[in-house]
Each structure stands twice: as structure tokens, then as C-alpha cells.
Amino acid sequence: MEGPANIIVLSGLLIGLVYGAVGLLSGFCMLSSLRGWWAEGDGRLVRTYALAIGVAVASTQLLAAAGLVDLGKSIYLQPSFSVPLMFFGGLLFGYGMVMSNGCGSRALVLLGRGNLRSFVVVIVLGIFAMMTLKGLIAPARIAMVQASQTTTTVNSVPALLSAFGLSEITARMLAASAVSAALIIFAFAHAPFRKSPGQVAAGLVIGLLVAGGWFASGYLGADDFNPTPVVSLTFIAPIADALQYVMLSTGSTLNFGIATVGGVLAGSLITALATGRFHLEGYQSPRHMLRSASGAALMGAGGVMAFGCSIGQGLSGFSTLALASLIAVAGILIGTALGLRGALRVRPLATA
């Protein structure tokens, strides 16, 4: 690898190491956040998530306004996208996340801690993501995209404001200020959250990691002669790429996503060993394994359709203020709600 590519890979590894450590210590997870808020009345974790999004939006939009990162090169701000497929993919991902009791990033963190259930989730998720990207499911996905995609020049909240006559910078800063302020106020309005310095720190750090990913791939590693994707934290396609890399590394090259996956595993493992949290866990029963693997399959396929997961769209995509990301996140939230409440909720398994 040449210089800029090395920078991107090393940045991905470092960001992954920090995310793995913080994720293990704080319990950072969209599913845990929503379950605690909706079912248990504990709003601290959801405030951590809100703070992370608010910080990610503010810092990412500052980078874009300063001309340091061209977010238009990311997958989230493409002129053509399929609204129905992104929403449907989000639904599948959200429901699958409940079935597997955690998203892809959470599975990586727990795997580093010795959770063997997460090993199954990571493997199945990666296989189904690759099947949907390039394998047996790919033709159906491509056909659905071609039948339903929309092309628009207004693909983000700042672009929407610019259509009313505001300058690009003004529209960007206005949108970023309104969204990030609302999220940060929501987080700190909760007294128990304010009294949880670990959760506050986790939200701040993870939000900054998202901006760090954009800065590393869009500025530090930028190379006009060998352009690389402008990316940040996301885990569906990177888990699939990482599985492929460990099996077929000859002729393949490391990238930001693969390095991030490795970093999260390593960061969680090191932290678990250092704090005495490492211990092996397995499934309660065959039914437990089947449900978990089925949820992982839904997350892998749905995450590809939605162009991201609860981190890829919920944090990185959201930080670009892309309209497509808002659609995907809506699907993820509704899918999670269906899994947690109502007639379709995923019911607890009987103890083996």
C-alpha cells in the first residue's frame, strides 16, 4: 500500500480500537438504548446515542463547511437512491437486530469479550451481507433498485434549505446547528444522564470518531492519483469484506472498513482482559441459536439494502444530513419498535 492508503488503514484501526474499548465500557448500542427507554424507563443510554449523533453532525458538518471533506463523495449523498428499498432494508435490519439482541458493531464488541453467540452473529451477518452485495441475493436487490430508484438534486437537509435561496454554507450551518442542538439538549435535559460521566464521555468520543473517520478518509488519505472512498464508521459491508479478506487475502487489499472491524475486536478484547470482563458465553438452546442466526441474516441483507446499519446510517449517514439516511434510520427505528413491542414483538425464549 502507498502512503495515503496506509494512513486510511491505520486510522481505521485506531478508530476501531477506541470504539471497541468505549463500546465495551459504556454498553453503547442502539437496541439497548431503545429497549431501556421504551421498556424499562431508563433513558441514559438513549441520551448517550443522541449525544453521539449530535456531536457527529456538528463536527462532520464543520469539516464539510471548512472544505476539508467532500461528503458528496460518500455513499449517503448520491443523487440516485431507492426510497422503498432503503426503508425496507432498515425495517429488516431493525427487526433482525432485536432477534439477535444487538447490531453488528455490538456483536463485534461482545465477541471481543468472549461472547460466542456473537461469533455466530458476525459470521452469518457477513455471509448474508456478501450474498446481498455480490451473491445470490444481489440480482433481486439490483432489480428492486432499478425499479424504484429516484434521482434528485436535493439529497440532503442543507440542499433542501439551499433551494429556498440560502447559500450553501449558511444552509449547512443552519441545518447542523438546529439538528445537533436539539439532540444535545435532549441528552443533557435528563438528570440521570448528566450524573453519568462515563455515558457522557462515551457519547462525545463516539461522535468524534465518526468525524475522525471522515477526516481520515476524505482529507488525510485523499489521493487524486489513487482515489479511495470517503467513508466513516459502518459495519455491514466491512464485516463482509473482513470475512472475505481473512479467507482470500491474496490479491486483496486492506481498507478502512476491514481495519475498523479488526480494531473493534482488538479494542474490546484488550479492554475486557485488562478490566476482568472477559468470559466465555454460549447459547441457551438450539432455538436460541436459530433465532440469533436468523436475526443476523436479516441484518446482513437489510443493512446492505439500507446502505448501512444502526452505526453506518444511524451515526455516519445521519452526520451527512442525507435525506436517504433519514429514510433508512426511520426504517431501522420502526423495525426495532416492531421487534420490541406489539403483536410482532420478539418474545423471550424459555430458559433452557
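This report walks through the overall fold, the nonpolar core and two cysteines of the structure above.

The model is predicted, so local features need pLDDT of at least 70 and side-chain atom pairs count only at pLDDT 80 or more, while totals for chains, interfaces and linings use all residues. Residues are numbered from 1 along each chain as its sequence is written, and side-chain values use heavy atoms, with hydrogens and water left out.

**Overall fold**

Let's start with the whole chain. The protein chain has 16 helices and two strands; here helices (H or I, at least four residues) and strands (E, at least two) are DSSP runs, numbered from the N terminus. With a radius of gyration of 19 Å, close to the 20 Å that the globule rule gives for 352 residues, the chain is as compact as a globular protein of that length. That radius is taken over C-alpha atoms, and the globule rule is 2.2 Å times the number of residues to the power 0.38. The C-alpha trace spans about 60 × 55 × 45 Å along its principal axes.

Of the 352 residues, 51% count as buried, where buried means under 20% relative accessible area, exposed over 50%, and partly exposed in between (1.4 Å probe, protein chains only). Among contacts (heavy atoms within 4.5 Å) with a separation of 6 or more, 80% come from residues 24 or more positions apart.

**The nonpolar core**

A nonpolar core is a set of buried Ala, Val, Leu, Ile, Met, Phe, Trp, Tyr and Cys residues joined through side-chain atoms within 4.5 Å. The largest one has 75 residues, and Tyr19, Phe235, Ile311 and Leu315 have the most contacts inside it. Helix α3 (residues 44-65) gives the most to this core, with nine residues.

Leaving aside neighbours within four places in sequence, Ile311 is in contact with residues including Tyr19, Phe28, Tyr49 and Phe235, and also with Ser316. Ser316 lies in helix α15 (residues 312-319) and counts as buried because its relative accessibility is 0%. With the same neighbours set aside, the contacts of Ser316 include Tyr76, Val210, Trp214 and Ile311.

**Two cysteines**

A disulfide is a covalent bond between the sulfur atoms of two cysteines. Taking it as a pair of cysteine sulfur atoms within 2.5 Å, the structure holds zero disulfides. The table shows two cysteines that are in none.

| Cysteine | Nearest cysteine sulfur | Relative accessible area |
|---|---|---|
| Cys29 | Cys103, 5.0 Å | 3%, buried |
| Cys103 | Cys29, 5.0 Å | 1%, buried |
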